[in-house]
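Here is a short report for a reader meeting this structure for the first time. The headings follow its parts in turn.

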Amino acid sequence: MIEAIGLTKRYGTTVAVDDLSFTIAPGRVTGFLGPNGAGKSTTMRMILGLDRPTSGKALIDGKSYAQLDRPLRTVGALLDAKWVHPNRSAKAHLQWLAKSNGLPDRRVGEVLDMVGLTAVAKRRAGGFSLGMSQRLGIAGALLGDPQVLLFDEPVNGLDPEGILWIRQFMQSLAAEGRTVLVSSHLLSEMAVTAQDLVVIGKGKIISQGSTTEFIEKATENSVLVRSPHLSKLGPLLVDKGYTVRNDDDGALTVVGATSDQIGDIAGANGVVLHELSPQRGSLEQAFMQLTGDSVEYHAEIGK
Ligand SMILES: Nc1ncnc2c1ncn2[C@@H]1O[C@H](COP(=O)(O)OP(=O)(O)OP(=O)(O)O)[C@@H](O)[C@H]1O
């Protein structure tokens with residue numbers, strides 16, 4: 001489990017992370033979302049003891065990183081995939097990491113297998129594609145067989161096959177009962193990868209809860225209505241308290257009512273309907289709205 005309690009980081013006058021509190025549960029992939037500069041990397045660095053909080057604390061299984069007895073056996077992280085000696089082979093890189101952290105050499109073969117790099121283990125890591133480098137970084141994170149894993153923008157720059165592999169790998173790690181925190185600025189990717197989301201903007205928490213709840217609450221559910229009697233139906237819907245908009249092409253968009261409710265009102269008033277179709281807002285739009293500069297939201301979803 002990962003906890004942030006009033007976590008704050010200032011760089012001079014910039015408040016990179018502003019009084020963040022959240023809990024990341026084991027057995028699930030949690031997406032850590034926010035636009036560029038929201039404070040995701042800074043938060044992860046503080047969880048990993050690489051940056052010192054100005055105030056507040058970050059805990060892994062109840063302890064700060066500095067208090068962990070054997071950190072790599074408790075938490076693994078992928079922050080920068082290109083962080084390898086370019087002339088070392090993948091295997092030599094992992095052997096060096098294992099040795100310098102008191103981890104058994106046999107674990108190197110196991111993690112190479114887990115990430116599918118056994119066949120290229122002796123090749124220079126400097127010549128690896130981004131996808132292979134990400135796999136090597138993940139192998140390094142898994143060396144100590146930790147229960148807690150952090151990945152900072154792991155799918156950035158990857159092709160669809162690489163993205164799919166990372167997504168399924170994270171989900172399998174969570175299915176083993178591990179705590180998996182993955183940062184991204186791509187809501188659409190996190191929507192299919194993560195069961196839970198922590199969303200931040202300008203260093204502050206915007207929402208924390210399940211991905212399904214976030215999407216349901218963040219996107220506007222509306223119903224498109226076509227009818228030859230819209231001038232009669234519109235006022236009836238407004239009377240019921242629903243929001244009604246006239247679309248350019250002569251249809252109505254109704255917010256706040258289900259298609260069943262609209263159909264019942266139309267039927268009860270003898271209004272003929274030609275179309276009644278539920279609409280879903282776009283995830284990207286919702287995300288922009290929630291995290292955009294102009295809006296200061298502090299809605300806690302799912303609490
Ligand atoms: N070492 C530093 N010195 C000064 N300012 C910093 C430093 N590190 C981060 N910042 C600032 O803190 C804010 C948060 O940055 P951070 O990198 O944590 O955001 P992020 O959400 O990870 O963004 P991105 O998606 O672009 O990686 C930004 O305004 C950034 O410029």
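## The ligand shell

Helix α1 gives the largest share of the shell around the ligand, three residues. This is a predicted model. The residues that surround the ligand are Tyr-11, Thr-14, Ala-16, Gly-34, Asn-36, Gly-37, Ala-38, Gly-39, Lys-40, Ser-41, Thr-42 and His-185. Two elements, β2 (14-24) and α1, give two or more residues each to this shell.

What classes of residue make up the shell around the ligand? Eight are polar, three are nonpolar and one is charged.

## Helix α1 and two sheets

Helix α1 covers residues 40-47. The helix lies across β3 (28-33), β6, β7 (179-184) and β8 (196-201). Against β6, α1 runs at about 150 degrees.

Helix α1 also lies across β1, β2 and β4. Here α1 runs at about 115 degrees to β1. The strands named in these two contacts belong to two sheets, described next.

## The three-stranded sheet

Three strands form an open sheet in the order β2-β1-β4, with antiparallel pairing. Strands β2 and β4 (55-60) stand at the edges. Each has a single partner strand, so one side of each is left without a neighbour in the sheet. From one strand to the next, the twist averages 20 degrees.

Strand β1 spans residues 2-11 and pairs with β4 over five bridges, in the antiparallel sense. Two pairs of residues mark this pairing. Thr-8 has Ser-55 of β4 as its bridge partner, and Ile-2 stands opposite Ile-60 in β4.

With β2, strand β1 pairs over seven bridges, again antiparallel. Tyr-11 stands opposite Thr-14 in β2. Both Tyr-11 and Thr-14 also belong to the residues around the ligand. The hairpin of β1 and β2 has two residues between the strands. Which residue in this hairpin takes a positive phi? Gly-12 does, with a value near 60 degrees.

## The six-stranded sheet

Six strands form a second open sheet, in the order β5-β6-β7-β3-β8-β9. The pairing in this sheet is mixed. Why do β5 (75-78) and β9 (204-210) each have one side without a neighbour in the sheet? They stand at the edges, each with a single partner strand, so one side of each is left free of neighbours in the sheet. Neighbouring strands here are turned by 15 degrees against each other on average, direction ignored.

Strand β6 covers residues 148-152, and four bridges join β5 to β6. These two strands run parallel. Within this pair, Leu-78 stands opposite Phe-151 in β6.

## Helix α3 and its partners

Two packed helices are described by the angle between their axes and the distance between the axes. Helix α3 (residues 90-100) packs against helix α5 (residues 130-142) at an angle of about 25 degrees, with the axes 10 Å apart. That makes α3 roughly parallel to α5. The crossing of α3 past α5 is right-handed. In this contact, Ala-90, His-93, Leu-94 and Leu-97 of α3 meet Leu-136, Ala-139 and Gly-140 of α5. Five of the residues are nonpolar, two are polar and none is charged.

Helix α3 also packs with helix α4 (residues 106-114), at an angle of about 130 degrees and with the axes 9 Å apart. The two helices are therefore oblique to each other. Here too, α3 passes α4 in a right-handed crossing. On the α3 side, the contact uses Ala-90, Lys-91, Leu-94, Gln-95 and Ala-98. On the α4 side, Arg-107, Val-108, Val-111 and Leu-112 take part. By class, this contact has six nonpolar, one polar and two charged residues. Ala-90 and Leu-94 of α3 appear in the contact with α5 and in the contact with α4.

## Strand β10 and its neighbours

Strand β10 (residues 221-226) pairs with strand β13 (residues 275-280) over six bridges, in the antiparallel sense. Strand β10 is also joined to strand β12 (residues 252-255) by four bridges. That pair runs antiparallel too.

Leu-224 has a partner in each of these strands. In β13, its bridge partner is Ser-277. In β12, Leu-224 stands opposite Thr-253.

Conventions: Residues numbered from 1 in each chain as written. Predicted model: local features only at pLDDT ≥ 70, side-chain atom pairs only at ≥ 80, totals over all residues. Axes fitted to C-alpha atoms, helices over the stretch in contact; angles between N-to-C directions. Parallel < 35°, antiparallel > 145°, perpendicular 65-115°, else oblique. Left-handed = near helix turned anticlockwise from the far one by under 90°. Contact = placed C-beta atoms within 7 Å. Nonpolar A, V, L, I, M, F, W, Y, C, P; charged D, E, K, R; others polar. Pairing = 2+ DSSP bridges. Near = placed C-beta within 6 Å.
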